[in-house]
Amino acid sequence: MLNDSPNLNRAFQALADPVRRGMLARLSRGPASVSQLAEPFSISLPAVLQHLKALEESGLVRSEKKGRVRTVRLEPETLSAAESWIAERRSEWEAQLDRFENYLQSLKNSGEKNG
Amino acid sequence: MADGNDLVLERTLDAPVELVWEAYTDPEHMKRWFAPQPYEITEMELDLRPGGIFRMRMVGPDGFDTGHGAPGCVLEVIEGQKLVWTSALGPGFRPNNMGVGCEAFPFTAVVTFSDAGDGKTAYKAVALHKDEADRNTHANMGFQDGWGTVARQLEEYARNLSVRA
C-alpha cells in the first residue's frame, strides 16, 4: 500500500524545508510574484530561487513569466497526492473500525427485517 | 492510563453492546470486516478463553498471503465487556517467535466495551508495546493516533528522503 513514487518523494522532500512550507502557505491564499514570496524571509534572492526551483521540480507549484514578473501558483494535485498518502497512514485502524460500524449497521438492519 | 508506549482508539458505536460483542468476537463475523479491501480474511480462529488461539489468514492481490501465521493468545475474556489478547504468546501461553510484518514486534491489545445508553456502545482499544520504537512501528502501520503522530511521521519520512537524496 506504500506509494513510493518518485513524484511523492520529491513532494515530501520539498515539504521538509520551513522556507518552502512558508512559501506554500502563502500560495495557498493565491498566486504570488517571486518578490512577494521572498518578502517574509531574510534570505538572498538566489536562495529564494533555489527554493522555488525545488518546489517546481516537486510539482507542488508552477510558475509563469509575463514581462518582468514571474507568477507562482500552487498545483493542488501534487499536494493532494501527498495528503492522501498521509491520510492512508493515519486511517487503517480507523478504517477498520469504520468497516466494523458498517457491518454492525448491516446486522441491525437484517435483524429488523427478520424480527 | 496510556503512556508513551501505547496506542489508543476510542469510539461510540451505534449498536447495542451484545451485538457489538458478537460481531467483534465471532470468527464468521470478523471475517466480514477485519481486512481492508481488496484484502480478505480466508481463515479466522478465536477461542474465547484464556490461553485460547487468535489466528487469521489474510490474502490479497499479487499473491499476498500471510499463510497460517503465528497465532496470538487470548489472555482475558469478560463476555460483553473485555477482550485482552497478545501477539507475544501463542495458544496455551507458549511464547511466540517474532516474525515479519504484523508479527515483527510483540503487542497486547486490551479492548473494552460498555453500554453508552440509547442502544450505543463505548468502544476502546489500547495497544500496549514494550517500547516507543515498537509503538511507532505499529503506528506507522496505521494505528490512529491523531494528527501529531502523522505530522511527526511526515517529518521523519521527509528527513529520511533528504538524507537519501
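Two strands count as paired here if DSSP finds at least two bridges between them. Helices (H or I, at least four residues) and strands (E, at least two) are DSSP runs, numbered from the N terminus. This is a predicted model, in which local features need pLDDT of at least 70, side-chain atom pairs count only at pLDDT 80 or more, and totals for chains, interfaces and linings use all residues. Residues are numbered from 1 along each chain as its sequence is written, with chains lettered from A and ligands numbered from 1 in the order in which they are written.

Let's start with chain A. Its open sheet of 3 strands follows the order S1-S3-S2, with antiparallel pairing. S1 (32-33) and S2 (61-66) of chain A stand at the edges with a single partner strand each, so one side of each has no neighbour in the sheet. S1(A) is joined to S3(A) (residues 69-74) by 2 bridges, and Ser33(A) stands opposite Thr71(A) of S3(A).

Two helices of chain A meet this sheet. Helix H2(A) (residues 18-27) lies across S1, S2 and S3 of chain A and runs at about 90° to S3(A). Helix H4(A) (residues 45-58) packs on the sheet, touching S2 and S3 of chain A, and its direction makes about 120° with that of S2(A). Contact means C-beta atoms, placed from the backbone, within 7 Å; axes are lines fitted to C-alpha atoms, for helices over the stretch in contact, with angles from 0 to 180 degrees between N-to-C directions.

Now for chain B and its antiparallel pairs.

| Strand | Partner strand | Bridges |
|---|---|---|
| S5(B), residues 82-86 | S6(B), residues 107-117 | 5 bridges |
| S6(B) | S7(B), residues 120-129 | 10 bridges |

Lys82(B) has Thr112(B) in S6(B) as its bridge partner, while Thr108(B) is matched with Leu128(B) in S7(B). S6(B) and S7(B) form a hairpin with 2 residues between them, and Asp118(B) in the turn has a positive phi of about 65°.
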